[in-house]
Amino acid sequence: MLTPPSSKEELMARCYALAGLTLGQIAAQTQQQIPDNLQKYKGWVGQLLEHVLGATAGSKAEPDFPQLGIELKTLPVNATGKPLESTYVCVAPLTGEPGLQWHESWVCQKLQQVLWLPVLAERTIPLADRVVGTAFLWRPNAAQQKVLQQDWEELMDMISLGGIHNIKGATGKVLQLRPKAANSRARTDAIGAHGEPIKTLPRGFYLKASFTALLLQEQFQLA
DNA sequence: TCCTGATCATGG
DNA sequence: CCATGATCAGGA
């Protein structure tokens, strides 16, 4: 475990040093074992890169680099630079959180400053041979902030009014609500159709892949 | 091929 | 159970 980076510049320098390296090379530096596949280690890539960059370990509800206010997200991409997956943001409060405003929300806080770290991650490429790309720091611009806020408000309104069962993955332009649980039997508190307390599958907020694709395009001027 | 629901590991 | 890290995998 490295010491946490003391500045944004130091963090970026560490990232640039990783660009072009394979996960095998990085794992070797830290004497980590590489799993054959990610089926039983789905968070392995993210945790490896957190480790080598000096992120705060653990499952604490705070940014990966608390002093810098920066959240780290690995982004699996294909050979043409398109994201292969949506990006998990945070769990969704399903009990309404009366009066919670967008700027106070977990989603807004987490997305204030994100360090994206693309990883070439087509499933045909063995884990050890997958290459780390060039990291970039992203802060949502005004337009992005606006659409994120609109989506969040729409989703939170539906949740608060007992409409969680009407929420589909397609609800929201860039932000979506999807299951986030150990399995489909998991249950958490939520609001029923008539305002009554119910138990339902825990959900999380995700950024759609089409949205992160735009961020990559902006950054790298992809065709 | 893409999307959405389901799932896996770990730490507290 | 919740929050961290995400990807899997079947059906549309």
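**Exercise 1: a hairpin**

Work out how strands β6 and β7 are joined, and what the turn looks like.

*Solution.* Start with the two stretches in this predicted model: β6 covers residues 188-191 and β7 covers residues 197-200. Next, check the pairing: the strands run antiparallel, and four bridges join them. For one facing pair, look at Ile191, which stands opposite Pro197 in β7. Finally, follow the chain from one strand to the other: five residues lie between them, and the whole thing is a hairpin. While you're in the turn, stop at Gly195, which has a positive phi of about 85°.

**Exercise 2: the sheet with β8 in it**

Find the strand order of the sheet that holds β2, β8 and β5, and say which strands stand at the edges.

*Solution.* Step one is the order: β2-β8-β5, an open sheet of three strands with antiparallel pairing. Step two is the edges: β2 and β5 (175-179) each have a single partner strand, so one side of each has no neighbour in the sheet. Step three is the twist: neighbouring strands are turned by 35° against each other on average, ignoring direction.

Now zoom in on one pair. β5 and β8 (residues 203-207) are antiparallel over five bridges, and Gln176 stands opposite Tyr206 in β8. To finish, add the helix: α5 (residues 142-160) lies across β5 and β8, at about 40° to β5.

**Exercise 3: the mixed sheet**

Do the same for the sheet built from β1, β3 and β4, then place the helices that touch it.

*Solution.* The order here is β1-β3-β4; this sheet is open too, but its pairing is mixed. β1 and β4 (136-138) are the edge strands, each with one partner, so each has a side left without a neighbour in the sheet. From one strand to the next, the twist averages 35°.

For the pairing of β1 with β3 (residues 114-120), count seven bridges in the parallel sense. Val77 gives you a facing pair, since its opposite number in β3 is Leu120. Then bring in α3: this helix packs on the sheet, touches β1 and β3, and points at about 135° to the direction of β1. Another helix, α6 (residues 209-220), lies across β1, β3 and β4, running at about 120° to β4.

**Exercise 4: the largest pocket**

Describe the largest pocket: how much space lies in it, and which residues and elements line it?

*Solution.* Begin with the space, about 1,800 Å³. Then take the lining, which has 48 residues; Lys42, Gly43, Gly46, Thr74 and Tyr88 lie nearest the centre. Which elements give two or more residues? These are α3 (44-53), β1 (71-77), β2 (87-91) and α4 (106-110). β1 gives the most, with six residues. Last, sort the lining by character: 22 residues are nonpolar, 11 polar and 15 charged.

**Exercise 5: a salt bridge inside a helix**

Find out how many salt bridges there are, and locate the one made by Arg14 and Glu10.

*Solution.* Use the cut-off first: a side-chain nitrogen of Lys or Arg must come within 4 Å of a carboxyl oxygen of Asp or Glu. By that rule there are four salt bridges. Now test the pair: the side chains of Arg14 and Glu10 meet at 2.8 Å, N to O, so they pass the 4 Å test. Where are they? Both sit in helix α1 (residues 8-18), four residues apart, which is about one turn of the helix.

Definitions and conventions
Residues are numbered from 1 along each chain as its sequence is written. Chains are lettered from A and ligands numbered from 1 in the order in which they are written. This is a predicted model: local features need pLDDT of at least 70, side-chain atom pairs count only at pLDDT 80 or more; totals for chains, interfaces and linings use all residues. Side-chain values use heavy atoms; hydrogens and water are left out. On a 1 Å grid over the protein atoms alone, a cavity is a set of points where a 1.4 Å probe fits but cannot get out, and a pocket is an open set with protein on both sides within 12 Å along at least five of seven lines; lining residues have an atom within 4 Å of a point. Grid points are joined across faces, edges and corners, and a volume is the space filled by probe spheres set on the points. Ala, Val, Leu, Ile, Met, Phe, Trp, Tyr, Cys and Pro count as nonpolar, Asp, Glu, Lys and Arg as charged, and the others, Gly among them, as polar. Two strands pair if DSSP finds at least two bridges between them. Axes are lines fitted to C-alpha atoms, for helices over the stretch in contact, and angles run from 0 to 180 degrees between N-to-C directions. Contact means heavy atoms within 4.5 Å.
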